[in-house]
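Dear colleague,

Here is the structure I said I would pass on. My notes on it follow below.

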Amino acid sequence: MLLKAYAKVNLFLEIVARRDDGYHDLVTILQTINLYDTIRLTIQPKKINLTCNIPELPIDSCNLAYRAASLLQEKTGVKQGISIHLEKNIPIGAGLGGGSSDAAAVLIGCNKLWNCNLSYDELTEIGCQLGMDVPFFLRGGTALALGKGERIVRQLPTPELVFVVVYPNFPISTATVYKHFNIASIINKKDPTEIISAIETNNCSKIACLLFNRLEITTFNLYPKLVEVKQKLVRLGCVNVLMTGSGSAIFGIASEKSQGERIVQKIDKEQQWWVKLVETVKQYNV
């Protein structure tokens, strides 16, 4: 079985509260984009094996894709194994959700190949144990999520947006960003009502105006280089620019595909950062 594990961007991200367990409660709108890792699954006896095109990536239980297969095997008691080959295209530590998306794809694929017949809700329960973005990637598309980001409360229609995504060639630790985030600094919490309305009417110019990420200031203070990336995308004509997740990837909305292509060419010519033109992906998978 060959699967695509799509990346995501956060169109909206507000921090609501700090939890007793040290995590934070969020309100976020997640959007899959047509940048993806490719996963090939092959049934084999008993064992789980993982190979990857990136040598430095772990291929044991430290890898979410491996852990997804292992956890599903444990929960269902299935006796079969799986060979996983992971072809990484999504930058690592970029806030694009690559690891979580890989895990979700493996859950979906193994559920089918092993004939586990688990429902979406049952897969979601397992996904929550792997990472906060995994439940979202079981369906993808456009969704409003609460809690740590694991509670998908509403699927939204997918707006037709074109993004220029820039990865500055260094990863960022989510834990480090949250450690430095000061929730007491929030004066007025942002509400997602307006951007949800814009998404539901496919009002792309309004969506662009309402992009928001509460973590951006904290990450920019820790990694000032990202300010340069954002300013560059603004100067080149993106309608609006935002960091995704806790970084390090920055995305800009292009008014049309041809404009996005010109921006990508200009950035690519300088060979300073990884850059890609992408579009939104509608709901997929289970």
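Which residue in β10 is the bridge partner of V164? It is G252.

First, the basis of these notes. The model is predicted, with local features needing pLDDT of at least 70 and side-chain atom pairs counting only at pLDDT 80 or more, while totals for chains, interfaces and linings use all residues. Residues are numbered from 1 along each chain as its sequence is written, and side-chain values use heavy atoms, with hydrogens and water left out.

Strand β10 covers residues 250-254 (helices, H or I, of at least four residues and strands, E, of at least two are DSSP runs, numbered from the N terminus). All 5 of its 5 residues are buried (under 20% relative accessible area, 1.4 Å probe, protein chains only), so β10 is largely enclosed by the rest of the structure. I250, G252 and A254 lie on one side, F251 and I253 on the other.

β10 runs antiparallel to β7 (residues 162-167), joined by 5 bridges (strands pair if DSSP finds at least two). With β9 (residues 240-243), also antiparallel, there are 4 bridges, and N240 has I253 as its bridge partner. Between β9 and β10, which form a hairpin, are 6 residues; in the turn, G245 has a positive phi of about 55 degrees.

The largest nonpolar core (buried Ala, Val, Leu, Ile, Met, Phe, Trp, Tyr and Cys joined through side-chain atoms within 4.5 Å) has 42 residues. Its largest share, 7 residues, comes from helix α2 (residues 98-113). Apart from this core lies another of 30 residues, including F251 and Y167.

Regards

Technical notes. Buried < 20%, exposed > 50% of the residue type's maximum accessible area, 1.4 Å probe, protein only.
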